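Q: Hey, got a minute to walk through this one with me? I'd like to start with how the chains meet.

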Number of protein chains: 2
Amino acid sequence: MKATRQHIKEHNTTLVLQTIYQNTDISRAEIARYTGLTRTTVSDIVASLIDDGLVVEVGQGEPSGGKPPIQISLVPDARQILCLDLSSDNLFGTVVNLRGQILHRQYLPLDGRIGQAAMEQVCRLVDLLAGAATASSLGIGIGTPGLVDSTRGIVHQAVNRGWVDLPMRDLVAQHFSGPVYVTNDSQAAALGEHTYGSQRQASNLVVIKVGEGIGSGIVLDGQLFPGDGFSAGEIGHLMVEYDGLPCTCGNYGCLETVLGKRALLAKAQAKARQHPNSLLAQQSGGGQLSMEHLHQAYLLGDPLANELIVQAGAYLGAAIANLIGILNVRNIVISGYPEKFGDTLLQAAMAEARKRVLPAMAVETHLSLSTLGEVDVVLGASALVLREELGLP
Amino acid sequence: MKATRQHIKEHNTTLVLQTIYQNTDISRAEIARYTGLTRTTVSDIVASLIDDGLVVEVGQGEPSGGKPPIQISLVPDARQILCLDLSSDNLFGTVVNLRGQILHRQYLPLDGRIGQAAMEQVCRLVDLLAGAATASSLGIGIGTPGLVDSTRGIVHQAVNRGWVDLPMRDLVAQHFSGPVYVTNDSQAAALGEHTYGSQRQASNLVVIKVGEGIGSGIVLDGQLFPGDGFSAGEIGHLMVEYDGLPCTCGNYGCLETVLGKRALLAKAQAKARQHPNSLLAQQSGGGQLSMEHLHQAYLLGDPLANELIVQAGAYLGAAIANLIGILNVRNIVISGYPEKFGDTLLQAAMAEARKRVLPAMAVETHLSLSTLGEVDVVLGASALVLREELGLP
């Protein structure tokens, strides 16, 4: 019975906090009306939230007859969340507040570290973020490449990081106080887009992350869909080229072997060698081509760069067709390097997708580029902590 | 307030009926213990269910100290459901009881009818089923090919039937009393397998239906997942052959153009013509090859028939790889003509799927043939009516 009372109290606190979160400011009476709780219950909960520093009285609202009510508002910086994105070789961390505002950014290169050494670098990054935080921490959220059991915080397999059955959550928790949440980077990106991105009203949403690796995160009915083995959305290893190049996974012709950042740059490099006088070749001055070089050549209208991007878009379209045909999802967001190549890449992707799936379904699909950019994973990690710890948003 | 009391009463009635349904027989006291309802409430509800003929007293259970309690049991034939499967050119209907037992089967060929004439044939089939039912009807459930808005019972598009925006539910309801539910045939098959099939314990389940058309139904967390436009699982029009044969949908190389029943038989016919002395050619005596002929040749060990089945399995495997990669679903059931070709087809499908998706995900997938056979769609249609009308199972 006591447990039940405690449970109800927690439920009501979450309800009140959600109501305050969803409004810029709001009176106790309005909270009572929205939640259906008594004014006494609301007042008690608000008092305890004020004690915790999570909300604050912010002056008086518009009077509606009687004396003007006191307004309550969330304190966005009352708690801060330490968020890590391990998807790039340059580890990326942020300190994020309760409204998803980025307060601090921190990079820490892996410099070739793998396995335990890479994990130590992750802890170093948490350390730097903890030092940069200006309020007490609500928790640590991590988006990592690989197959991740997010209920236990174990990275089952992350090929490029050399991690196998790594208990990342517990390893981080040994060094830092407070709760730690670990999830797959693409799934974090989907959560970030669904919480803070342009398609946050969509109940079903797929976010495709294209970088060194390629993956997607799937939100169904407003919830992240993990699949039976936490690997839903693992489209990077779907075969798109029969008898294609070997992939790190052991198969051939995976999407990553043609659309991954390294694969695209290798193709660009080959093109540049074939056409030493092209704008593309000139960008790198004969040296190693980077994504920045390819981007510059594309912006200058180089036909070789354009061709590479159209081809990349077509490969992306093949994967998108499968997502549309299987999930009949209308909102798909692309994040990662495709953001640099805008409509050229998107149009090539949709043109290819239309050839590969029922036209009536393709025509209803809305493909867009991420508006969050590089912070999609860290914002998703922050949303995970926010939801688990405070029931927000 | 009255509406709320009514709502609670309905909720409690469903709860009691579910409890009786899930047990062969059960006493009022046990129902009260399972549901948490008072014995008075349970007795009132049971009395009203007995009045409705849905449950019955079935003698005495084991005494536990005092006098032996009276047992309550569901009356499986108290209501009957009229179920239609419109996926084949030979329309198929059944009368099904509350336990999913098939009481009557009825076939009605379309004989080339399309559009309104085909719809009239559907109503004729309902008429025949209504005549064969031996108890009052709980409702009519229909699984139809095409894009179906199942909340409104509208068939948006069913190419082979010539239906466009056909209000099937309302058309049937004009002629017959009682509720009518219409859903996509593959989605009905998935519901049938999830309710009555061998994989009914799986919380996530995909059922692939391979016949004249090809589609799949997706059950996630125990619920049918419809997608944003009721078309989730529409894998029949995913491209599997670049520059392949034209499809009725307007695209080229769709899965249906290589794995659909007609496509497979056309290939078999061509093979038979090339090899007039083969066992395959001998089955049809030089005439039109049927699935039965192909099946016979396969059973006799004809290498041509075997090759065709292995090839069909590989095409199926390409689609399965996409389902695994995107949904990370471990349980996949195949229904339709592949049931005739057992392990040969399944093994070819898994071999191809393994080449096309992350090996760690493929290895955990359990591919099996439907154990329900031709009744999967009608059983799914019955499950739909059962759930919507009585909250069962």
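A: Sure. This is a predicted model, and between chain A and chain B the count of salt bridges is zero.

Q: How much area do chain A and chain B bury between them, then?
A: About 3400 Å², with 57% of it on carbon and sulfur atoms. Chain A puts 42 residues into the contact and chain B puts in 41 residues.

Q: What turn lays chain A on chain B?
A: A turn of 180°, with a shift of 0.0 Å along the axis and an RMSD of 0.0 Å. That is how a two-fold axis relates copies.

Q: And which C-alpha in chain A is nearest the axis?
A: That of A:Asn322, 3.3 Å from the axis. Both copies use the same surface, too: 98% of the contact residues of chain A recur in chain B.

Q: OK, back to charges. How many salt bridges are there over all chains?
A: A search of the whole structure gives 28. One of them pairs A:Arg161 with A:Asp89, the closest N and O atoms being 3.2 Å apart.

Q: Where do A:Arg161 and A:Asp89 sit in the chain?
A: They are 72 residues apart: A:Arg161 is in the loop between β9 (154-158) and β10 (163-166), and A:Asp89 is in the loop between β4 (80-85) and β5 (90-97), so the pair links distant parts of the chain.

Q: Is that A:Arg161 side buried or exposed?
A: Buried, at 3% relative accessibility. A:Asp89 is partly exposed, with a relative accessible area of 33%.

Q: What else does A:Asp89 meet in a salt bridge?
A: A:Arg262, at 3.9 Å from N to O. That pair is 173 residues apart, with A:Arg262 in helix α8 (residues 261-274) of chain A.

Q: Got one inside a helix? Say, where are B:Lys355 and B:Glu352?
A: Both are in helix α12 (residues 342-356) of chain B, three residues apart, so about one helical turn separates them. Their side chains meet in a salt bridge at 3.6 Å, N to O. B:Lys355 is partly exposed at 41% relative accessibility, while B:Glu352 is buried at 7%. As for networks, salt bridges with shared partners join A:Asp89, A:Arg161, A:Glu212 and A:Arg262 into one.

Q: What about B:Glu212, where is that placed?
A: In the loop between β12 (205-210) and β13 (214-220) of chain B. B:Glu212 is buried, with a relative accessible area of 18%. Beyond its sequence neighbours within four places, B:Glu212 is in contact with residues including B:Asp89, B:Arg161, B:Lys261 and B:Arg262.

Q: Switching to cysteines. How many disulfides over all chains?
A: Zero. The sulfur of A:Cys249 is 3.6 Å from the closest cysteine sulfur, in A:Cys254, and that is too far for a bond, because the cut-off for a disulfide is 2.5 Å.

Q: Are those two cysteines buried or exposed?
A: A:Cys249 counts as buried at 16% relative accessibility. A:Cys254 is buried as well, with a relative accessible area of 0%.

Q: Now the hydrophobic stuff. How many residues are in the largest nonpolar core?
A: It has 115 residues, and those with the most contacts inside it are A:Ile208, A:Leu294 and B:Ile208.

Q: What does A:Leu294 touch?
A: Leaving out residues up to four places away in sequence, its contacts include A:Leu264, A:Leu265, A:Ala268, A:Ile309 and A:Phe341.

Q: Any backbone oddities to flag? Which peptide bond in chain A is cis?
A: The one from A:Leu392 to A:Pro393 is cis, with omega near -5°. A cis bond also joins B:Leu392 and B:Pro393, with omega about -10°. A:Pro393 lies in the segment after α14 (376-390) of chain A.

Q: And what is phi of A:Asp221?
A: Near 50°, which is positive in a residue other than glycine. A:Asp221 is in the loop between β13 (214-220) and β14 (223-224) of chain A and is exposed, with a relative accessible area of 59%. In chain B, B:Asp243 also has a positive phi, near 55°. B:Asp243 lies in the loop between β14 and α7 and counts as exposed at 72% relative accessibility.

How values were computed: Residues are numbered from 1 along each chain as its sequence is written. Chains are lettered from A and ligands numbered from 1 in the order in which they are written. This is a predicted model: local features need pLDDT of at least 70, side-chain atom pairs count only at pLDDT 80 or more; totals for chains, interfaces and linings use all residues. Side-chain values use heavy atoms; hydrogens and water are left out. A nonpolar core is a set of buried Ala, Val, Leu, Ile, Met, Phe, Trp, Tyr and Cys residues joined through side-chain atoms within 4.5 Å. Buried means under 20% relative accessible area, exposed over 50%, partly exposed in between (1.4 Å probe, protein chains only). Contact means heavy atoms within 4.5 Å. Copies are superposed by least squares on the C-alpha atoms of residues with pLDDT of at least 70 in both. Helices (H or I, at least four residues) and strands (E, at least two) are DSSP runs, numbered from the N terminus. Buried area is the accessible area (1.4 Å probe) that two parts lose on being put together, summed over both. A salt bridge is a side-chain nitrogen of Lys or Arg within 4 Å of a carboxyl oxygen of Asp or Glu.
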